[in-house]
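Visitor: I would like to go through the packing in this model. Please state the cut-offs as they come up.

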Amino acid sequence: MGVVNVTPDSFSDGGLWFDEAAAIRHGLDLVQEGADLVDVGGESTRPGATRVSLEEELARIVPVIRALDSEGVTVSVDTMRAEVARAAVEAGAKLVNDVSGGLADPDMPRVVAATGVPYVVMHWRGHSHDMYSRAVYADVVTEVREELSKRVDLVLAEGVTEEQIVLDPGLGFAKNAEHNWTLLAGIPKLAELGFPLLIGASRKRFLGRLLADPDGTPRPFSRSDDATLAVTALAAHAGAWCVRVHEVGPNADAVRVAAAWKRAGANT
């Protein structure tokens with residue numbers, strides 16, 4: 001899943017694709033590099049971000065989605081708003097990626113159920129402005145798994161089918177670095193819930209902090225791509241369904257390597 005942030009303030013590439021034509025061109029480039037899905041979002045969820053209006057989010061993403069769909073691109077929409085999800089699917093989006101798992105907008109599950117498209121339900125405990133205050137766990141894998149299971153039950157009750165559901169442990173969302181690493185190591189346990197898993201580690205802060213300079217200065221976001229590749233390969237080998245990344249080409253290669261390794265292991 002390649003990322004197209006149609007925003008001026010996303011943490012890793014804010015402003016690069018804010019122009020409509022640039023966003024469309026970037027989405028097409030990601031497909032050429034090997035993306036199966038292009039995830040288009042119009043609202044930053046970086047730590048501390050403030051929300052944009054409904055009208056602004058729609059204006060940012062609908063023309064981009066419509067243009068990419070017309071070129072045969074499989075588009076997902078990254079949104080927490082039901083009305084945006086509905087408009088995006090009408091414009092051609094084939095998947096709804098909701099980082100709040102339906103908590104930010106209670107109408108979201110019903111809208112997704114009506115569209116019939118796949119629905120990414122992410123683990124979430126609150127909006128970006130205060131999510132780190134909620135990063136408290138006794139056993140992060142067990143608690144994230146239990147909270148995701150409860151979200152699944154609730155969205156199923158609203159009419160979403162099991163076949164539509166994809167789960168995301170929400171790396172970096174109300175999690176610190178230790179939580180993120182533990183969740184990645186716990187992918188097999190999360191997969192026991194029985195749904196495909198989406199992993200979004202690309203360029204996140206915990207990678208930059210792992211690779212910090214001797215003086216403690218974190219590695220810049222744009223220089224965390226090699227670490228992202230390592231996570232991609234390991235996540236794919238552990239059974240992740242999809243990885244959400246900023247640099248598609250090398251990550252597509254990493255997935256192919258992991259798949260070959262796994263096939264060879266199955267034959268020995």
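The turns below cover one helix, one helix pair and the nonpolar core.

Guide: This is a predicted model, in which local features need pLDDT of at least 70, side-chain atom pairs count only at pLDDT 80 or more, and totals for chains, interfaces and linings use all residues. Residues are numbered from 1 along each chain as its sequence is written, and side-chain values use heavy atoms, with hydrogens and water left out.

Visitor: What should the 14 residues of helix H9 span?

Guide: Helices are DSSP runs of H or I, at least four residues, numbered from the N terminus. The expected span is 1.5 Å times one less than the number of residues. For H9, residues 225-238, the end C-alpha atoms are 20 Å apart, which agrees with the expected 20 Å.

Visitor: Which residues on the other side of H9 are exposed?

Guide: Buried means under 20% relative accessible area and exposed over 50% (1.4 Å probe, protein chains only). Buried residues of H9 include Asp 225, Thr 228 and Val 231. The exposed residues on the other side of H9 are Asp 226 and Leu 234.

Visitor: How are H5 and H6 oriented to each other?

Guide: Axes are lines fitted to C-alpha atoms over the stretch in contact, with angles from 0 to 180 degrees between N-to-C directions. Helix H5 (residues 140-157) and H6 pack at about 75°, their axes 9 Å apart. Angles of 65 to 115 degrees count as roughly perpendicular. H5 and H6 are therefore roughly perpendicular.

Visitor: Which residues of the largest nonpolar core touch the most other members?

Guide: A nonpolar core joins buried Ala, Val, Leu, Ile, Met, Phe, Trp, Tyr and Cys residues through side-chain atoms within 4.5 Å. The largest has 66 residues. Those touching the most other members are Val 40, Ile 65 and Val 96.

How values were computed
Helices (H or I, at least four residues) and strands (E, at least two) are DSSP runs, numbered from the N terminus. Angles under 35 degrees count as roughly parallel, over 145 as roughly antiparallel, 65 to 115 as roughly perpendicular and the rest as oblique.
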